[in-house]
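Biologist: Please justify the descriptive terms applied to this model, setting each value against its definition.

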Amino acid sequence: MQSSAEFSTISSGSGGGGGGTGSASGTAIALDLSTYQADMENVLTWLLEAEDILDKQDGISSDVNEVKHQFQQHEDFMMELTKHQHTVGLVLQEGRQLISDRRLSDEEENEIRVQMNLLNARWESLRMKTLERQAR
């Protein structure tokens, strides 16, 4: 199982946006396709890392002290998810804004829609797996 320190390193290195003034880590919405793409890539990379961490968590121990430790690690993991929920929402908002601006080709618009659906599906899957583990 990953420690919260390992997860903190992952979360601080990803999910922050593409470095533009309108990146998902800022307060403004990016109206630029390249910034949106960078933000989407960062969020998807972070999601992949989070999925890997969750998948690699050990099964629930029968030792009470180990279960307490596992519970604390899972709580830390859930806190990281909560911190990133806003960033996921901002990237989805950026995509909706780009589509509504109608400055994209049909191909670009379709690509953004596919990316947004992928992000939303993976986010929901990660969230559900996390809640299922918590219930065990």
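Biologist: What makes the crossing of H2 and H3 left-handed or right-handed?
Modeller: The crossing of H2 and H3 is left-handed, because the term applies if the near helix is turned anticlockwise from the far one by less than a right angle, and right-handed if clockwise. This is a predicted model, in which local features need pLDDT of at least 70 and side-chain atom pairs count only at pLDDT 80 or more, while totals for chains, interfaces and linings use all residues. Residues are numbered from 1 along each chain as its sequence is written, and side-chain values use heavy atoms, with hydrogens and water left out.

Biologist: How do you know whether H2 and H3 are roughly parallel or antiparallel?
Modeller: Their axes come within 10 Å and cross at roughly 155°. Angles over 145 degrees count as roughly antiparallel, so H2 is roughly antiparallel to H3.

Biologist: Which residues of H2 meet H3?
Modeller: Among them are Tyr36, Met40, Val43 and Trp46 in H2, and the residues in H3 include Phe77, Leu81 and Val88; contact means heavy atoms within 4.5 Å.

Biologist: What is the relation of H3 to H4?
Modeller: The axes of H3 and H4 cross at roughly 160° and come within 10 Å. That makes H3 roughly antiparallel to H4 as well. The crossing of H3 and H4 is left-handed.

Biologist: Why is arginine 102 called buried or exposed?
Modeller: Arginine 102 lies in the loop between helix H3 (64-101) and helix H4 (106-135). Its relative accessible area is 67%, so arginine 102 is exposed (over 50%; buried is under 20%, partly exposed in between, with a 1.4 Å probe and protein chains only).

Technical notes:
Helix = DSSP H or I, 4+ residues; strand = E, 2+ residues; numbered from the N terminus. Axes fitted to C-alpha atoms, helices over the stretch in contact; angles between N-to-C directions. Parallel < 35°, antiparallel > 145°, perpendicular 65-115°, else oblique.
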